[in-house]
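Thanks for asking me to look this over. Have the sequence and the 3D view open side by side while you read my notes.

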Amino acid sequence: MTNKLVGCFLESQPDEVVLLRINGEATELIIDRKAEVETFVLLHAAGCSPPLYAVFNNGIAYGFFPGKPIDEELVRDEQVATLIAKNMARLHVVRPKNSQSQQVSYWPQKTQSFLDLVPTEFDDPRKQKMFQKDIPSKSDLQLELEEINGQLQSLDMPVVFCHNDLLLKNIIFDADKGEVNFIDYEYAFLNHQAYDIGNHFCEYAGVETVNYDNYPDRDYQLLWLQRYLQFYSQALGHAASEVSERDVERLYVQVNKCACAAHFFWGIWALIQAKNSSIDFDFLDYAKLRLNEYFRRKKEFFCLSLP
């Protein structure tokens, strides 16, 4: 949404594509580019990302996964949904270099740094009017963040290496090979396992025309989560049969509370983009949309209790 991307290939070798990405304006405020390069190397070695070919002052060159980005319909296809769960489980067992035995989520620190960058006003009169009318004050957002942190800390969730941005366009389905691959690891970092799943479920709403009524219902989630936990158990070297109904129910509570955190995170992110990005996209309206959904889902999910 914030970068420029160009694919390059020889006419004689159309399948051998190299992607050139030019970083979006002011994205260095919110993305650690050095960490992104390290992530590329780590995940390529684990078979989870294409190779990194070059790094520039304002971008990178890297390999290409054939296929097409999934959409709101394809994400619910049983084969594709199963492949996504399997690929996510594979990602979640990757261990970053120099990681500690007791890993800690970077989400609170990252979100606080984003909140610190949120503007207090806009020069554009239309934006300023909307900002004052529809966006909570920075002090109110700080209180919400503290409440979210309290909710997440109470859930006793595993911390794993997460993609953190599995929107539909970041999931590539190769129908010929029957494979799913994830792309764009700009926001990857150690985080709560359930957050990656909750964030992904939020993205069932789509990109072009966002509809949060597409958020998966309980029955759909329980089946998806059971498959994920079986894949995750196998990736850790255990039997899939070791996953219990209680395990699934517990993850369901964690995932839906994390989905609220994801809405908050991207709402804050969009406020920063509204101030700094030159891309023709209404980031302020998007911030309003995500924060409104956070408050709506908070009423529904913060009352859930672990089994």
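Below are a few numbered points on a sheet, a helix, a loop residue and the cysteines.

1. Before anything else, keep in mind that this is a predicted model. Treat what follows as a reading of that prediction.

2. Let's start with the sheet. Four strands make it up, in the order S1-S2-S4-S3, and the sheet is open with antiparallel pairing. At the edges you'll find S1 (4-10) and S3 (52-56), each of which pairs on one side only. Going from one strand to the next, the twist averages 20°. As background, strands of a sheet pair through backbone hydrogen bonds, in either a parallel or an antiparallel way.

3. Now zoom in on one pairing in that sheet. S1 and S2 (residues 13-22) run antiparallel to each other and are joined over six bridges. If you want a spot to click on, try Leu-5: its bridge partner in S2 is Arg-21.

4. Next, helix H3 (residues 107-117). Which of its residues are buried? They are Trp-107, Lys-110, Thr-111, Phe-114 and Leu-115. These five sit on the same side of H3, because they cover an arc of only 135° around the axis. Turn to the other side of H3 and you meet Gln-109 and Asp-116, which are exposed.

5. So what do the buried residues of H3 pack against? Their partners are H5, strand S9 (189-192), helix H6 (193-202) and helix H8 (245-276). Try colouring those four elements and H3 in your viewer.

6. On to a loop. Ser-154 lies between helix H5 (138-153) and strand S6 (159-162). Is Ser-154 buried, exposed or partly exposed? Its relative accessibility is 49%, so it counts as partly exposed; the exposed class begins over 50%. The side chain of Ser-154 reaches the backbone oxygen of Gln-151 at 2.7 Å. Ser-154 and Gln-254 are 100 residues apart along the chain, yet 9.7 Å separates their C-alpha atoms.

7. Last, the cysteines. How many disulfides does the model have? The count is zero, with a disulfide taken as two cysteine sulfur atoms within 2.5 Å. For Cys-162, the nearest cysteine sulfur belongs to Cys-258 and is 8.8 Å away. For Cys-303, the nearest one is that of Cys-260, at 9.7 Å. As for their surroundings, Cys-162 is buried, with a relative accessible area of 0%, whereas Cys-303 is exposed, at 55%.

Definitions and conventions: Residues are numbered from 1 along each chain as its sequence is written. This is a predicted model: local features need pLDDT of at least 70, side-chain atom pairs count only at pLDDT 80 or more; totals for chains, interfaces and linings use all residues. Side-chain values use heavy atoms; hydrogens and water are left out. Helices (H or I, at least four residues) and strands (E, at least two) are DSSP runs, numbered from the N terminus. Buried means under 20% relative accessible area, exposed over 50%, partly exposed in between (1.4 Å probe, protein chains only). A polar contact is a pair of N or O atoms within 3.5 Å; within protein, one must be able to donate a hydrogen and the other to accept it, and residues adjacent in sequence count only if both atoms are side-chain atoms. Two strands pair if DSSP finds at least two bridges between them. Axes are lines fitted to C-alpha atoms, for helices over the stretch in contact, and angles run from 0 to 180 degrees between N-to-C directions. The arc is that of the directions from the helix axis to the C-beta atoms. Contact means heavy atoms within 4.5 Å.
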